[in-house]
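Let's take a walk through a complex with several chains and see how its parts are put together. Have a look at the picture before reading on.

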Amino acid sequence: MELSPILIVILTLTGIWGTIACRNLIKKVIGLGIVNSGVVMLFVYVGSRSGSHAPILIGQTAGLDASQIVDPLPQALMLTAIVVGVALTSLALVLAYGIHATYGTLDIREAERRAKEQLEPEEPAQ
Amino acid sequence: MRKTDILDVMSRKLAPFVMLFGFYLVANGHLSPGGGFQGGVVIASAVILLLLAQEAGSVTTSFPLTALSVAESAALFVFISVGIVGLLAAGAFLSVFLPLGSGTTVLDSGFIFVLNLVIGVKVGAGITLICFHILEAH
Amino acid sequence: MTVRNRHGSVWKKVVASSLLLFLVAATGVLFLDAYRAAPASNPEARTEKRYIVDNAKRETGAENLVTSIYLGYRAFDTLGETIVLLMAVAGVVRLASAGSGVRKKP
Amino acid sequence: MTQAPVVLVLLPLVAALCALIEKALPRVRIARVSALLGILAGVAVTLLAFPLVRSGVYPTLVVGGFDSVVGISLTLDGVGWIGSVIVLVICLSGLLYVLSEEQYDALFYFFYMMMVSGMEGAILTRDLFNLFVFLEIFGIAAYVLVAYSRAGYALLAGYKYLVMSSLAMSLFLLGVLLIYRSTGTLSLDRLAEVMKGAADTNPARPSSPPVPGVAFLLLIVGIGTRTAFVPYHTWLPEAHASAPHPVSAVLSGVMIKVAFIALFRLLTAAGDPHLARLFLWIGAATALFGVGAALAQIDMKRLLAFHSVSQMGYILAALGAATLFSGLSGSTASTGGAAASFLHATSHALFKSLLFLTIGLVITHAGARTVTAVHGMGSVLPLVLVAFSVGALAIAGVPPMNGFVSKKLVMYSVKTMPVVYRVLWIAGIGTVASFLKLSAVFRKAHSTPGVGVTRIAPGDTGPELRPRIGLLKSAAIMLPALLCVVMGLFPGPLYRTVSGMVGATVTAGLANVYTVSALLDTAVVVALGALLYAGVRTRTGYRVAAVLRSPRIGFNAALSLMLAGFLLFAAYLM
């Protein structure tokens, strides 16, 4: 069992831990960023295990057989995954900024408590 | 972060080179490592460097916001129309219909080169807009 | 709530984070076990990769295989990609002014 | 016609671009027209393709005209056709509602049409990574639309939905990684071949399956967060309650169905009966939990949102019981599970969006959101009362509505599993009770005086006080109401067509659902529901409901619940 997948998975797990355990809205988004990079690294690692030459057919790599060239597919997919990560991170940060501007706090539990008060100010006296 | 003159001068001198390198990445996307996404982000980083180092006002004169958003939607429009022309001309959406040259020079690969440029403009303008709005909202 | 619960809350915090640690670690172990158990298909068997390496230059004209994929074979993904980025920008533009002009509407 | 799948994705996309053009040049007012045209053209293409798809000739194409080995293929098969009808009809009625209101700007139409395009793409694609991209497209549209009103609680609901969903989608990517590493392909068709190949060589549970079960579980976590079954449902009530009314109608009615169709495609590709039967238990647990939570709510939209969760439980239970891939019942006759799940998905899409639109009208006119504060709206909005009662009868499974037909098929398909059958039966009672509670909004206030913002006393509703809700809004609520009734009146042909489309064998006995025993069973359920409603209205009932309502699990707990669910499923598969 090679070491690198274990290390990358440990990095992803710290990202997942950060997203779940941290109470600060911004730290959750940072956790998501770590998870995203962990996944991207794992994809590129899996791609790189099947060959040694860069997937650009110029010069001496042009004549090489498919098994000697690194698998280009996971790398191409990860371009998309990274830009999705950028899009989600920017949206999450703007939402967190809006929540802070409205409720004055970045703590998820505090924000939830204030939102609950705002929505149901008075429990109906039944 | 106080915006001192050193920052102002340095960023003004550095940004063009970063942008040139970004454009190189976009243009040679199909021949050497790089491409629309990576080049676009490098171009965006140049503009953000200017944004951070100088007064926001001076940057929006050289990169007006409306121009950036128009560039972005126009880029997507071109991308989709290239796809639709492919659908009508060659019977399949996003099919490669421009003549493919021998592929040694930059302009030879036709279809891919055009798309790379479009993606470069789109990602560059998009990420600059995102950072600008977040900085400005602050 | 009695004041005494300062110890209580510490104890609760320890239990909560150790439970979470177990969950996260178990997920990691499960994934790694699946990663190890699943036989990596021998590189020759990867039909998509083999097809791309042999035909990319001829069909898309790009020598950089990664570019031939994300602008040629899988250009549809990239179209979706640019849409995602465009929507992120439009979303940021719309929500960035959330702090200032906050309108309460059910 | 072979280009139909791409055209279905491109039409709303071009409409969205027109909305973007209007945002850049406000003089050009084409957003509304292009949105309406985009959806109507989509409906036309879907109807035109019906004869082709019904005869089994599925329009298939590879984007870019490349070889199918490497290109992304899109197919308009039976399942895709049903999904496309659900998406377009419900988004049409939502759009009619949106068009009638002025405060939605061009950007709203841009996100709305992008959501439609993303959902069409997610239904029609045959490629795993392309499915990820389309899930993200309509996901981002949903996050922004939920937070569109920029009110504090809407931003918070949008933020939670975004973080939970993107964590799940990262796990989805890990699943895609394992599958690509083991099979070297991303296309669902070739994945199905690899799995079937392995299953044929050693039909006994293959000791070393070509793709580890955990890979499919990771995909199910990603898709599950969008389908909102039990451990992954925590984002749904707040997101659907705080979204604008037409958006909640579309989110509840359509978006969870699109994720369900992606789940269906995954299960057919995996072809693992053990995995499919897992959804019997998930479905039962979701149905029961959803109804219990809904009964305790007083906020109208949260009550409806929890019902979306519970009805998805019915759909998943039927899916789990389908013999299409779970080979559950020994007899060759199919249990009708696959057809039942799709029929119930279609009818739920119709009546749930109808309920959200009608309750949305009630909230805008009454100015309050809770069941206790609003009374006597029946005389104020008679048309809304008619449409609401169609939806309420349908969700309670009362004939002649489509809810009755599809719920009976679902109950028939799980008949061989007594525990699941009993749980779904109890959930049915809870549904009847909670919709009696919700309908109190339309009845005159007599026993408990409403402590409300605007208590419209039934006496003083002169003609001028009865607000006109306008032609577009009436069309928006009448379209689904009409379809609910029409679907309810023709169960036989409907069942045969749907099971034909889904590829399940038709069991003759299921065609007519209006049997005496079925009607009797419904009568018993409704009676018990009324009894339960009477119980909920008593003093102890309110206290119990208040207790049930108070503990909202925090967001961190909800996220760790996701991992716990994943581990539970893995233990089940062990």
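Let's begin with chain A, which reads α-α-α-α along its sequence. That makes 4 helices and 0 strands in this chain of the predicted model. Is chain A spread out or compact? The radius of gyration of chain A is 22 Å, well over the 14 Å that the globule rule gives for 126 residues, so chain A is more spread out than a compact globule. You can picture this with a box along the principal axes: the C-alpha atoms of chain A fill roughly 80 × 30 × 25 Å. Of the 126 residues in chain A, 49% count as buried. Now take the contacts in chain A with a separation of 6 or more: 51% of them come from residues 24 or more positions apart.

Next up is chain C. From the N terminus on, its elements run α-α-α-α, and the secondary structure of chain C comes to 4 helices and 0 strands. Out of 106 residues in chain C, 51% count as buried. The domain assignment splits chain C into domain 1 (7-38) and domain 2 (41-97). How many Å separate the centres of these domains of chain C? Taken over C-alpha atoms, the centres of domain 1 and domain 2 of chain C are 35 Å apart.

So how do chains C and A meet? Here 39 residues of chain C are in contact with 38 residues of chain A. On the side of chain C that touches chain A, two or more residues come from each of α1 (5-37), α2 (47-60), α3 (65-73) and α4 (75-96) of chain C. The largest share of that side is the 10 residues from α4(C). Sorted by class, the side of chain C that touches chain A has 21 nonpolar, 6 polar and 12 charged residues.

Now for chain D, whose secondary structure comes to 23 helices and 2 strands. The radius of gyration of chain D is 23 Å, close to the 25 Å that the globule rule gives for 574 residues, so chain D is as compact as a globular protein of that length. Along the principal axes, the C-alpha atoms of chain D fill a box of roughly 75 × 60 × 45 Å. Among contacts in chain D between residues at least 6 apart in sequence, 80% join residues at least 24 apart.

Here are the buried shares of the three chains we've met:

| Chain | Residues | Buried share |
|---|---|---|
| chain A | 126 residues | 49% buried |
| chain C | 106 residues | 51% buried |
| chain D | 574 residues | 65% buried |

Chain D also has a contact with chain C, which takes 45 residues from chain D and 43 residues from chain C. On the chain D side, α4 (106-124), α5, α6 (152-183), α8 (213-227) and α23 (555-573) of chain D each supply at least two residues. Which helix gives the most to the side of chain D that touches chain C? That's α5(D), with 9 residues. By class, the side of chain D that touches chain C has 31 nonpolar, 9 polar and 5 charged residues.

Let's zoom in on α4(D). This helix has 19 residues and reaches 27 Å from its first C-alpha to its last, close to the 27 Å expected at 1.5 Å a residue. In α4(D), 18 of the 19 residues are buried, so the helix is largely enclosed by the rest of the structure.

Another spot to find is Tyr153(D), in helix α6 of chain D. Why does Tyr153(D) count as buried? Because 24 other C-beta atoms lie within 10 Å of Tyr153(D), and the cut-off for buried is 20 or more. Leaving aside neighbours within four places in sequence, Tyr153(D) is in contact with Ala115(A), Gln118(A), Leu119(A) and Ser242(D). Tyr153(D) and Glu238(D) are 85 residues apart in sequence, yet 8.4 Å apart in space, C-alpha to C-alpha.

Finally, a word on confidence. The predictor gives the complex an ipTM of 0.91 and a pTM of 0.92. In chain D the mean pLDDT is 85, and 92% of the residues reach 70 or more. Among the elements of chain D, helix α5 (residues 128-146) has the highest mean pLDDT, 95, and helix α13 (residues 323-326) the lowest, 62. Over residues 327-332 of chain D, pLDDT stays under 50. The pLDDT is also below 50 over residues 447-464 of chain D. Where pLDDT is low, the predicted coordinates should not be read in detail.

Key. Residues numbered from 1 in each chain as written. Chains lettered and ligands numbered in written order. Predicted model: local features only at pLDDT ≥ 70, side-chain atom pairs only at ≥ 80, totals over all residues. pLDDT = per-residue confidence, 0-100. Contact = placed C-beta atoms within 7 Å. Nonpolar A, V, L, I, M, F, W, Y, C, P; charged D, E, K, R; others polar. Expected span 1.5 Å × (residues − 1). Buried ≥ 20, exposed ≤ 12 C-beta atoms within 10 Å, placed from the backbone. Rg over C-alpha atoms; globule rule 2.2 N^0.38 Å. Domains from an automatic or database assignment.
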